[in-house]
Amino acid sequence: MELGNKTSVSEFLLLGFSEDPELKPLIFGLFLSMYLVTMLGNLLIILATISDSHLHMPMYFFLSNLSFVDICFTSTTIPKMLLNIQTQTKAITHAGCITQMCFFLVFVELDSFLLSVMAYDRFVAICHPLHYTVIMNSQLCGLLVLFFCELNQVVQFACSDTFLNDVVMYFALVLLATCPLAGILYTYSKILSSIRAISSAQGKYKAFSTCVSHLSVVSLFYCTGLGVYLSSAATHSSHSTSTASVMYTVVTPMLNPFIYSLRNNDVKRALKSLFGWKI
């Protein structure tokens, strides 16, 4: 008779951030506020892009798609978290956890690919400005767009040897996260070369200023995202991992609309027009 672990798992228990019941209303209010700000901010970016004809350009087309993905990305985890806090339950079914992970990973990769596509858009705009409208046509933009159970935490709960799972997980991480990041770094190396070739200081500043918002979002997304998996490899502390997870699942999508709107006069003008404010 073959011996082995035949235990079946029907649900997982989510640890949360604190066992103190007095902190739960504070945590609930904090995450509800962040979720509502995320939803409102990204919806305003989408509405502003649709309503203002001046924003009917590839750069803002990609930005509106990023905002939509961020809404979906955050909605895969936060509503379930808020429900668990409100009902004082920590359970999530096995099927629910797998479903959440699938959608979570899909939207993470969409975020990653959209950021690389936006880097390519900036590359064409700065390095090939005379051919920008020809290269970044509507057909190409459409083709480029078609592209909260943490996976590494779930793998650690397995009773069997997880070496192969870890190898597959980190290989997928390298393939799906590092490849777009490498493309972004290569694109910006070309952009910097083109900016250095500009003779006037004002021209250099104007060219670089169009990339600042995108660079800020890329840095925030990749630093926090990679930090989750690097920290989980170095330590088995669920608290430190969950804190890093919150950064790129909640904080990054919440800050993206502010980063793009506060530094962009076109978006600010579109938002003012959307609310009927005088410009």
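In this predicted model, leaving aside neighbours within four places in sequence, M136 is in contact with P58, F62, Y120, D121, V124, C141 and L144. The protein chain that holds these residues has 279 residues, of which 42% count as buried, and its secondary structure comes to 11 helices and two strands. Read along the sequence, the elements of the protein chain follow the pattern β-α-α-α-β-α-α-α-α-α-α-α-α.

**Nonpolar cores**

- The largest nonpolar core has 46 residues, and M136 belongs to the group that touches the most other members, together with F62, L115, I184, I191 and Y222.
- The elements that give two or more residues to this core are α1 (24-51), α2 (58-75), α4 (94-127), α6 (138-145), α8 (163-197), α9 (201-234), α10 (238-262) and α11 (265-274).
- Among these contributors, helix α4 gives the most to the largest nonpolar core, with 12 residues.
- Apart from the largest core lies another core, of 12 residues, and its members include M81, I85, V246 and V251.

**Aromatic pairs**

- A pair of aromatic rings is described by two quantities, namely the distance of the centres and the angle of the planes.
- The count of aromatic pairs in this model comes to five, and one of them joins F73 and F104, whose ring centres are 5.4 Å apart and whose planes stand at 40°, so the pair is tilted.
- The F73 and F104 pair links distant parts of the chain, since F73 is in helix α2 and F104 in helix α4, with their positions 31 residues apart in the sense that they are 31 residues apart.
- Both partners of that pair, F73 and F104, are buried.
- The rings of Y120 and F123 have their centres 6.1 Å apart and their planes at 35°, so this pair, too, is tilted.
- Y120 and F123 are three residues apart in helix α4, which means that about one helical turn separates them.
- Within the Y120 and F123 pair, Y120 is partly exposed, with a relative accessible area of 31%, whereas F123, at 19% relative accessibility, counts as buried because the limit for that class is under 20%.

**I195 in helix α8**

- I195 is found in helix α8, and at 7% relative accessibility this residue counts as buried.
- Leaving aside neighbours within four places in sequence, I195 is in contact with I126, K204, A207 and F208.
- For one of these partners, A207, which is 12 residues from I195 along the chain, the C-alpha atoms of the two residues are separated by 6.8 Å.

**S261 in helix α10**

- S261 is found in helix α10, and with a relative accessibility of 10% S261 counts as buried.
- The side chain of S261 reaches the backbone oxygen of P257 at a distance of 2.6 Å.
- Not counting residues up to four places away in sequence, S261 touches I45, V267, K268 and L271.
- The C-alpha atoms of S261 and L271, which are 10 residues apart along the chain, are separated by 8.7 Å.

**The second largest pocket**

- Rolling a probe the size of a water molecule over the atoms shows where empty space is left.
- About 390 Å³ of space lies in the second largest pocket, which is lined by 17 residues, the closest to its centre being M59, S209, T210, R263 and N264.
- Helices α2, α4, α9 and α11 each supply at least two residues of the lining of this second largest pocket.
- Helix α9 gives the most to the lining of the second largest pocket, with five residues.
- Helices α2, α4, α9 and α11 are also among the elements that give two or more residues to the largest nonpolar core.

Notes:
Residues numbered from 1 in each chain as written. Predicted model: local features only at pLDDT ≥ 70, side-chain atom pairs only at ≥ 80, totals over all residues. Heavy atoms only, no water. Core = buried A, V, L, I, M, F, W, Y, C linked by side-chain atoms within 4.5 Å. Buried < 20%, exposed > 50% of the residue type's maximum accessible area, 1.4 Å probe, protein only. Helix = DSSP H or I, 4+ residues; strand = E, 2+ residues; numbered from the N terminus. Contact = heavy atoms within 4.5 Å. Polar contact = N/O pair within 3.5 Å; in protein donor to acceptor, adjacent residues only side chain to side chain. Phe/Tyr/Trp six-rings, centres within 6.5 Å; stacked < 30°, edge-to-face > 60°. 1 Å grid on protein atoms, 1.4 Å probe; cavity = no way out; pocket = protein on both sides within 12 Å on 5 of 7 lines; lining within 4 Å. Points joined across faces, edges and corners; volume = space filled by probe spheres on them.
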